[in-house]
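This report goes through one protein chain, from its overall layout to its core, its strands and its charged pairs. Please keep the sequence and the structure open while reading.

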Amino acid sequence: MNGEPGVVVVTYNSAQYLGECLRSAARFGGGDIVVVDNHSTDASCEIARAAGAGLIANAENLGFAAAVNQGVRALKTETVLLLNPDARIATPLTPMVARVSDHPQVGVVGGRLLNEDGSDQEGFAVRRFPTAAALIAEQFRCGPVPRLTTVAAQRPSALIQLRLGVSLDNCVEV
């Protein structure tokens, strides 16, 4: 895996955060930036254009997943960062890409989420990939099997910090 990562930002009325997000992506992302706007009524599209990002302006709100797919298809990079418009990148992404390239079995990694004061975010949980038993239980409406790992998020804005010292054992493999 070589080259600089591309950045996809999906927006919907995110003008108040988008400018700072795109400035950080331009500073630390290294590759192309594509903003996919889901029919915002604020200045999100104008901010994306002014920042020099590629822009896909949808005529209707297609939802997050469809917008991500549009953005990824528009990039010509081997690696992609999905960045929320209310987040900023605080460190370069290229060391992460270099580290991941040494581990081809790793398909997805996540950064460390920090509050504005640099402390770790707390407050929401991310599910691990489900086991076969969990998928079967959910299929038969037995409820999800809780396998949660608490990670972060008190505030709408976040700093993303990528550290090489973090073991890849903590990364998600797909």
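The text below describes a predicted model, starting with the chain as a whole.

## Overall layout

The chain contains five helices and nine strands. Read from the N terminus, the elements follow the order β-α-β-α-β-α-β-β-α-β-β-α-β-β. The chain has 174 residues, and 36% of them count as buried. Its accessible surface amounts to about 10200 Å², with 53% belonging to carbon and sulfur atoms. When contacts between residues at least 6 apart in sequence are considered, 71% join residues at least 24 apart.

## Nonpolar cores

The largest nonpolar core has 16 residues, and those that touch the most other members are Val-7, Val-9, Leu-22, Leu-83 and Ile-89. At least two residues of this core come from each of β1 (6–11), α1 (15–29), β2 (33–37) and β5 (87–89). Helix α1 gives the largest share, five residues.

Val-7 can be followed outward through its contacts. Beyond its neighbours within four places in sequence, Val-7 is in contact with Ala-25, Gly-29, Asp-32, Ile-33, Val-34, Leu-75, Leu-81 and Leu-83. There is also a second, separate core of seven residues, whose members include Val-8, Val-10, Val-34 and Ala-67.

Ala-67 lies in helix α3 (residues 64–74). Its relative accessibility is 0%, so Ala-67 counts as buried, the limit being under 20%. Not counting residues within four places in sequence, Ala-67 is in contact with Val-10, Val-36 and Asn-38. Ala-67 and Val-8 are 59 residues apart in sequence, while their C-alpha atoms are 9.1 Å apart in space.

## Strands β1 and β2

Strands β1 and β2 pair in the parallel sense, over five bridges. Within this pairing, Ile-33 in β2 is the bridge partner of Val-7. Ile-33 is also among the contacts of Val-7 listed above.

How many of the residues of β2 are buried? Five of its five residues are. In a regular strand the side chains alternate between the two faces of the sheet. On one side of β2 are Ile-33, Val-35 and Asp-37, and on the other are Val-34 and Val-36; all of these are buried, so both faces of the strand are covered.

Asp-37 leads on to the next helix. Cys-45, in helix α2 (residues 44–50), touches Asp-37, Leu-55 and Ala-57, leaving out residues up to four places away in sequence. Cys-45 is buried because its relative accessible area is 12%, which is under 20%. The C-alpha atoms of Cys-45 and Ser-14 are 9.4 Å apart, and the two residues are 31 apart in sequence.

## Salt bridges

Side chains of opposite charge can pair when their charged atoms come close. The whole structure holds two salt bridges, set out here.

| Pair | Closest N to O | Separation in sequence |
|---|---|---|
| Arg-88 and Glu-20 | 3.0 Å | 68 residues |
| Glu-116 and Arg-88 | 3.1 Å | 28 residues |

The Arg-88 and Glu-20 pair links distant parts of the chain, with Arg-88 in strand β5 and Glu-20 in helix α1. The Glu-116 and Arg-88 pair also links distant parts of the chain, with Glu-116 in the loop between β6 (112–114) and β7 (125–127). Through shared partners, the salt bridges join Glu-20, Arg-88 and Glu-116 into one network.

Is Arg-88 buried or exposed? Arg-88 has a relative accessibility of 15%, and therefore counts as buried. Glu-20, at 40%, counts as partly exposed. Glu-116 is partly exposed as well, with a relative accessible area of 36%.

## A nonpolar surface patch

Which residues form a nonpolar patch on the surface? They are Val-72, Val-80 and Leu-82, and together they have about 210 Å² of accessible area. Val-80 belongs to strand β4 (residues 80–82). Its relative accessible area is 32%, which means that Val-80 is partly exposed, since this class lies between 20% and 50%.

Terms used: Residues are numbered from 1 along each chain as its sequence is written. This is a predicted model: local features need pLDDT of at least 70, side-chain atom pairs count only at pLDDT 80 or more; totals for chains, interfaces and linings use all residues. Side-chain values use heavy atoms; hydrogens and water are left out. A nonpolar core is a set of buried Ala, Val, Leu, Ile, Met, Phe, Trp, Tyr and Cys residues joined through side-chain atoms within 4.5 Å. Buried means under 20% relative accessible area, exposed over 50%, partly exposed in between (1.4 Å probe, protein chains only). Helices (H or I, at least four residues) and strands (E, at least two) are DSSP runs, numbered from the N terminus. Contact means heavy atoms within 4.5 Å. Patches are made of residues with over 30% relative accessible area and no salt bridge: like charges are joined within 9 Å, nonpolar side chains (Val, Leu, Ile, Met, Phe, Trp, Tyr) within 5 Å. Accessible areas come from the Shrake-Rupley method with a 1.4 Å probe; for residues, only the protein chains shown count as cover. A salt bridge is a side-chain nitrogen of Lys or Arg within 4 Å of a carboxyl oxygen of Asp or Glu. Two strands pair if DSSP finds at least two bridges between them.
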